Amino acid sequence: MASRIRTGLLGLAIGLFVLLAFLFYALPAIVETSANGLTRAPLSAPSDSARYLHETIWIADLHADALLWNRDLLQRARRGHVDIPRLIEGNVALQAFSIVSKTPFGLNFESNDDKTDMITALAIFQRWPIATWFSLKERALFQAEKLFEFAARSQGKFSIITSKKELEIYIALREKTPGITAGFLGIEGAQVLEGKLDNLNMLFAAGFRMMSPSHFFDTEVGGSAHGIQKGGLTDFGRLVIQKMEELGMIVDLAHASPQTIDDVLEIATRPVVVSHTGVRGVCNTVRNLSDKHLKAIAAAGGIIGMAYFDGATCGQNIDAIVKTIRYAVNVVGPEHVALGSDFDGAVTTPFDAAGMVYLTDALLKAGFSRPEIKLIIGENVRRILLQLLPE
């Protein structure tokens with residue numbers, strides 16, 4: 001009997017060990033693989049002229065959520081969309097890495113509250129530090145630390161931009177040194193402030209240079225296009241925008257409610273960006289910008305990053321992305337349109353960071369001029385960062 005009990009306990013212990021190993025090691029990779037996919041539609045081989053142009057242009061992307069997942073970004077992965085080797089292969093000069101701190105269960109475009117959170121479970125199962133299980137600010141700081149650690153181990157292949165001077169140095173270096181890339185840090189949703197303006201100083205010191213008032217739910221700063229109230233900036237939110245401008249942080253209006261967009265534009269003294277979005281003229285959902293807001297953001301000197309996924313473009317192919325870009329260019333001109341893929345943001349896209357040449361090829365085939373492509377695919381982002389980043 002004692003022997004059978006010991007055998008049963010041993011079997012239980014082994015089963016528990018296997019279950020924990022699955023939850024903490026295998027499950028996060030399975031979740032990421034299912035969340036961040038590529039469409040199966042084959043892409044035509046890029047033309048020689050597209051390849052040549054792609055090799056000579058400066059490419060920048062305003063949004064990727066790669067830091068949310070437990071991958072070593074110095075290693076080329078078989079899942080997800082972004083890592084340093086794929087950025088270099090795709091000739092991407094600059095990638096914005098935005099951190100996600102909280103997303104509600106039952107996530108949808110229409111109406112979400114802040115009562116539930118999927119990222120807590122992800123933080124636990126990905127073995128993030130215990131502090132991140134209970135603090136949105138700590139989740140932001142941890143993800144920033146990961147990116148700086150990747151840069152430190154990259155042997156010069158990857159650097160993080162936090163100032164205008166650093167960007168100028170990097171631009172000059174990249175002209176002489178092929179095979180390098182860089183990134184900068186952004187935040188999806190000001191809930192990471194945890195209601196304290198002083199936390200903005202801490203996040204700035206940690207390297208963050210861009211932040212949006214809200215993500216998928218209304219915050220203490222402002223309303224979300226996907227929230228319950230969908231209101232505008234709060235009194236606290238106005239203080240946050242003013243402080244961001246003082247520090248040299250870029251205001252990102254992705255996911256903001258229409259009223260929040262209006263309120264920010266009313267008080268902003270510097271251009272704003274929309275890091276990743278679509279346009280209602282192509283894909284009429286609350287996720288996307290109206291012509292009114294496209295024009296208002298452009299009139300204030302801002303830029304708008306076009307995303308690649310179905311919810312932004314109402315399509316899952318490269319033609320839908322090009323159609324969205326064409327519409328935005330027709331409304332505000334090529335000087336105010338940029339790329340904001342939303343890579344690794346629980347989306348399916350036609351290509352990953354290594355496949356950026358396919359977009360260059362598609363833009364050429366759609367009749368965009370080479371000067372227009374250069375602006376859209378990266379020079380607009382470079383210009384706005386040289387204008388807005390702190391000295």
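Visitor: Is Phe105 buried or exposed?

Guide: In this predicted model, Phe105 has a relative accessible area of 52%, and because the cut-off for exposed is over 50%, Phe105 counts as exposed. Its place is in the loop between β3 (92-100) and α4 (119-125).

Visitor: Which residues make a nonpolar surface patch with Phe105?

Guide: Leu107 and Met118 join Phe105 in a nonpolar surface patch of about 270 Å².

Visitor: How should I read a pair of aromatic rings, and how many aromatic pairs are there?

Guide: Such a pair is described by the distance of the ring centres and the angle of the planes. The count here comes to seven aromatic pairs. Among them, Trp128 and Phe142 have ring centres 5.2 Å apart and planes at 50°, so this pair is tilted. The pair links distant parts of the chain, with Trp128 in the loop between α4 and α5 (131-134) and Phe142 in helix α6 (residues 136-153), 14 residues apart. Trp128, at 2% relative accessibility, counts as buried, and Phe142 is buried too, with a relative accessible area of 16%.

Visitor: Which kind of aromatic pair do Tyr308 and Phe343 form?

Guide: Tyr308 and Phe343 form an edge-to-face pair, with 5.4 Å from centre to centre and 80° between the planes. Tyr308 lies in the loop between β9 (303-306) and α12 (310-313), while Phe343 lies in the loop between β10 (337-339) and β11 (348-349), so the pair ties together parts that are 35 residues apart in sequence. Tyr308 is buried at 0% relative accessibility, and Phe343 is buried with a relative accessible area of 1%. Together with Phe351, Tyr308 and Phe343 form one aromatic cluster.

Visitor: Where does the charged end of Arg209 sit, and where does that of Arg382 sit?

Guide: The charged end of Arg209 sits over the ring of Phe204, 3.7 Å from the ring centre, whereas that of Arg382 sits over the ring of Trp58, 5.1 Å from its centre.

Visitor: What should I look for in a disulfide, and which cysteines does a disulfide join here?

Guide: A disulfide is a covalent bond between the sulfur atoms of two cysteines. The count comes to one disulfide, which joins Cys283 to Cys314 with an S to S distance of 2.1 Å. The link is right-handed, with 70° about the S-S bond. Cys283 lies in the loop between β8 (273-277) and α11 (291-299), and Cys314 in the loop between α12 and α13 (318-332), so the pair ties together parts that are 31 residues apart in sequence.

Visitor: Are these two cysteines buried, exposed or partly exposed?

Guide: Cys283 is buried, with a relative accessible area of 1%, whereas Cys314, at 48% relative accessibility, counts as partly exposed.

Definitions and conventions. Residues numbered from 1 in each chain as written. Predicted model: local features only at pLDDT ≥ 70, side-chain atom pairs only at ≥ 80, totals over all residues. Heavy atoms only, no water. Patch = residues over 30% accessible without salt bridge, like charges linked within 9 Å, V, L, I, M, F, W, Y side chains within 5 Å. Areas by Shrake-Rupley, 256 points an atom, 1.4 Å probe, with all protein chains shown as cover. Salt bridge = Lys/Arg side-chain N within 4 Å of Asp/Glu carboxyl O. Helix = DSSP H or I, 4+ residues; strand = E, 2+ residues; numbered from the N terminus. Buried < 20%, exposed > 50% of the residue type's maximum accessible area, 1.4 Å probe, protein only. Phe/Tyr/Trp six-rings, centres within 6.5 Å; stacked < 30°, edge-to-face > 60°. Lys NZ or Arg CZ within 6 Å of the ring centre and 35° of its normal. Disulfide = S-S within 2.5 Å.
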